[in-house]
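Work through the exercises below with the structure in view. Try each task before you read its solution.

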Amino acid sequence: MITTRDPATLERLRTLLAGYTVEAPMTFAEVAQVRADLYTRAENVALAMVGLTLIAGACGLVVAAGGGLVERRQPFTLLRLAGTPTRTLAAVVLLESALPLVLAAALAAGAGFGVAEPLIDALAMKSASFAMPDPSTSPPSAAAWPPPSW
């Protein structure tokens, strides 16, 4: 490890090291940027999966509610003819559709938080520091490069 603020020296070092590595050498800042991009992409994929799951769940709810209404058309008609107010029938349909949705959403949220918390704790690097290394403890500076030829 070396410390340099001179871009020309940094590029000379990259050129020197390029022959010894498969990938181009990167600075700490470049590695941090690559990791940040990777984490952002992973987060976007996870959010897309959550969105698709919500859309599939909403479609399932609409199909279930529509099927329930079609299936119970005759009983609802008979209840209406018997004098049951329309508001009461609407409340029954709402409870029939919304109550399972609310219960399923609460259960899914609880399960998600219950699984995510230990997983996040397990993956977190609690002892690692995100700060750059202290220059006073760094190895020799770039002034020593290139090494003397023998």
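**Exercise 1. Find how many salt bridges there are, and place the partners.**

Solution. Apply the rule: a side-chain nitrogen of Lys or Arg lies within 4 Å of a carboxyl oxygen of Asp or Glu. By this rule the count is one salt bridge. Its partners are the side chains of Arg72 and Glu96, at 2.4 Å from N to O. Now place them: Arg72 sits in the loop between helix 2 and helix 3, Glu96 in helix 4. They are 24 residues apart, so the pair links distant parts of the chain. Next, check exposure (buried is under 20% relative accessible area, exposed over 50%, partly exposed in between; 1.4 Å probe, protein chains only). Arg72 has 29% and is partly exposed. Glu96 has 32% and is partly exposed too.

The model is predicted: local features need pLDDT of at least 70, side-chain atom pairs pLDDT 80 or more, while totals for chains, interfaces and linings use all residues. Residues are numbered from 1 along each chain as its sequence is written, and side-chain values use heavy atoms, without hydrogens and water.

**Exercise 2. Describe how helix 3 and helix 4 pack.**

Solution. Take the residues: helix 3 covers 73–81, helix 4 covers 86–123. Their axes are 10 Å apart, at an angle of about 150°. Angles over 145 degrees count as roughly antiparallel. Helix 3 and helix 4 are therefore roughly antiparallel to each other.

**Exercise 3. State where Tyr20 lies, and whether Tyr20 is buried or exposed.**

Solution. Tyr20 lies in the loop between helix 1 (7–18) and helix 2 (28–71). Its relative accessible area is 71%, so Tyr20 is exposed.

Terms used: Helix = DSSP H or I, 4+ residues; strand = E, 2+ residues; numbered from the N terminus. Axes fitted to C-alpha atoms, helices over the stretch in contact; angles between N-to-C directions. Parallel < 35°, antiparallel > 145°, perpendicular 65-115°, else oblique.
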